[in-house]
Amino acid sequence: MKKCVSLSRGWLALAMGCGLAAGLLAPAGVAWALSGVCSDCHTMHNSQDGSPMATYGGGAGPNEFLTRGSCIGCHAQGGASKILTVGSGAQIPQVYHTDGSGNLAAGNFGYIDGTIGTGASGTKGHNVIDLFGANSDPAVSAAPGVILFHNLTDSNLRCAGGRGCHGVRKDVAGNYGLPAVRGAHHSNVEGALGTADALGNSYRFLLGVKGVENSTDRWQNKSAASHNEYFGATSPQTYGCGGGSEVTCHAAPDSRVIPPGNTMSSFCGSCHGQFHSLAASNGVTGIGTGTGSPFVRHPTDVILDRSGGTAEYAFYNGGGTTFSVEAPVARLTVPGAVSSAVVPSQSAVMCLSCHFAHGSDYPDMLRWEYNQNAHTNGAGNSNNGCFICHTTKDDA
């Protein structure tokens, strides 16, 4: 919904009409997800009543692009709410918090340092230096399964930019944080994102990723009827630099990193290539040589195959309210809206079927405690954890 906005307060106030100004700011047809007045997010001179403006996250500013906080200052305040309401009512999703009611869809960085959960561990999330400083992961220094992005380590992993996930991933000096996501909030589109050729129309500012952002319970996977939709494929990419069938993640015009295929798994594969790739000529083993068993690593971008009468994936039986927010699947086409039905032949396993993107209370950012996800023959762990997909392994 389009809103009239005010740039600031006091003597610098500039009221903008909903006609010409809005037309200059946004192309026709854009569905705005950004709401509230400009002063909720911006300060013109970092000055109020003779003192520096208090900025989000406790900083004093000034910040780039006249913002009242950095990415971390806005979205990782460590407070008691997973969705923070500020100023005129603008909402800011939190990726680092102590809200006991649950987390947003991507998880919570707070599990890494023990701000929330059963105890601190560097293995519980992505160790972004924006929050935790360099070398905060005692187990690994580089991205596990890395193929192409060889210079990514726990000494330079950031939230956004050339060494991060969000924004324009172009590895040049200064392209991290706010400069990497410049303009994205103002051009943000909610709902079905089937183009993904710019930051604003890409899923969660992950450039090139398609999907559907939940506009009912924003930023959340709450139930079979209220969740995000993820985009997947029937076959993973073959990552490498050998040409032919092998693909790289670099795209014109400036070698920015774009996930080939536009899927969530191919996005994760741009750093964790071996876990999301078919075998390549450059010696990369990947998940195997094809999209059928036996696999040497758990596959992604592979359909939930129930051909031949197999009872595997019976929990995802299609035609009912079977979408699981504990183990979400990806769709082979970007749906127009969120759906609770899952048809295995039209759905795929992906990285986020098992992992959270930011962090969880389990090692390796898993959605459940893998070491305790024991076979119970349907007597206690029925259809949870791994058995949400691997039904026959549990309900013998």
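**Exercise 1. What share of the 396 residues in the chain is buried?**

Solution. The model is predicted; local features need pLDDT of at least 70 and side-chain atom pairs count only at pLDDT 80 or more, while totals for chains, interfaces and linings use all residues. Residues are numbered from 1 along each chain as its sequence is written, and side-chain values use heavy atoms, with hydrogens and water left out.

Step 1. Set the classes: buried is under 20% relative accessible area, exposed is over 50%, and partly exposed is in between (1.4 Å probe, protein chains only).
Step 2. Apply them to the chain: 44% of the 396 residues are buried.

**Exercise 2. Decide where the coordinates should not be read in detail.**

Solution. Step 1. pLDDT is the predictor's confidence in each residue, from 0 to 100. The chain has a mean of 84, with 85% of its residues at 70 or more.
Step 2. Find the weak stretch: residues 1-31 have pLDDT below 50. Beyond near neighbours in sequence, this stretch has 40 contacts in the model (heavy atoms within 4.5 Å).
Step 3. Where pLDDT is low, predicted coordinates should not be read in detail.

**Exercise 3. Lay out the sheet and identify its edges.**

Solution. Step 1. Helices (H or I, at least four residues) and strands (E, at least two) are DSSP runs, numbered from the N terminus. The chain holds five helices and 10 strands.
Step 2. Two strands pair if DSSP finds at least two bridges between them. An open sheet of six strands results, with mixed pairing and the order β3-β4-β5-β9-β10-β8.
Step 3. β3 (191-193) and β8 (302-303) each have a single partner strand, so one side of each lacks a neighbour in the sheet.
Step 4. Check one edge: β3 runs antiparallel to β4 (residues 211-213), joined by three bridges. Within this pairing, Ala-192 has Val-212 as its bridge partner.

**Exercise 4. Describe the largest nonpolar core and the surroundings of Tyr-230.**

Solution. Step 1. A nonpolar core is a set of buried Ala, Val, Leu, Ile, Met, Phe, Trp, Tyr and Cys residues joined through side-chain atoms within 4.5 Å.
Step 2. The largest has 14 residues; those touching the most other members include Tyr-203, Tyr-230 and Met-264. Helix α5 (residues 264-269) gives the most to this core, with three residues.
Step 3. Leaving aside neighbours within four places in sequence, Tyr-230 has contacts that include Ala-105, Asn-221, Pro-328 and Arg-331.
Step 4. Another core, of 13 residues, lies apart from the largest; among its members are Ala-224, Val-302, Tyr-316 and Ile-388.

**Exercise 5. Compare three salt bridges by position and accessibility.**

Solution. Step 1. A salt bridge is a side-chain nitrogen of Lys or Arg within 4 Å of a carboxyl oxygen of Asp or Glu. The count is 10.
Step 2. Lys-124 pairs with Asp-361 (2.9 Å, N to O). Lys-124 lies in the loop between α3 (110-113) and α4 (129-132), and Asp-361 in the segment after β10 (347-349), 237 residues apart. Lys-124 is buried at 7% relative accessibility, and Asp-361 is buried at 18%.
Step 3. Arg-163 pairs with Asp-171 (2.9 Å, N to O). Arg-163 is partly exposed at 23%, as is Asp-171 at 41%.
Step 4. Glu-312 pairs with Lys-393 (2.7 Å, N to O). They are 81 residues apart, Glu-312 in the loop between β8 and β9 (330-331) and Lys-393 in the segment after β10. Glu-312 is buried at 8%, whereas Lys-393 is partly exposed at 46%.
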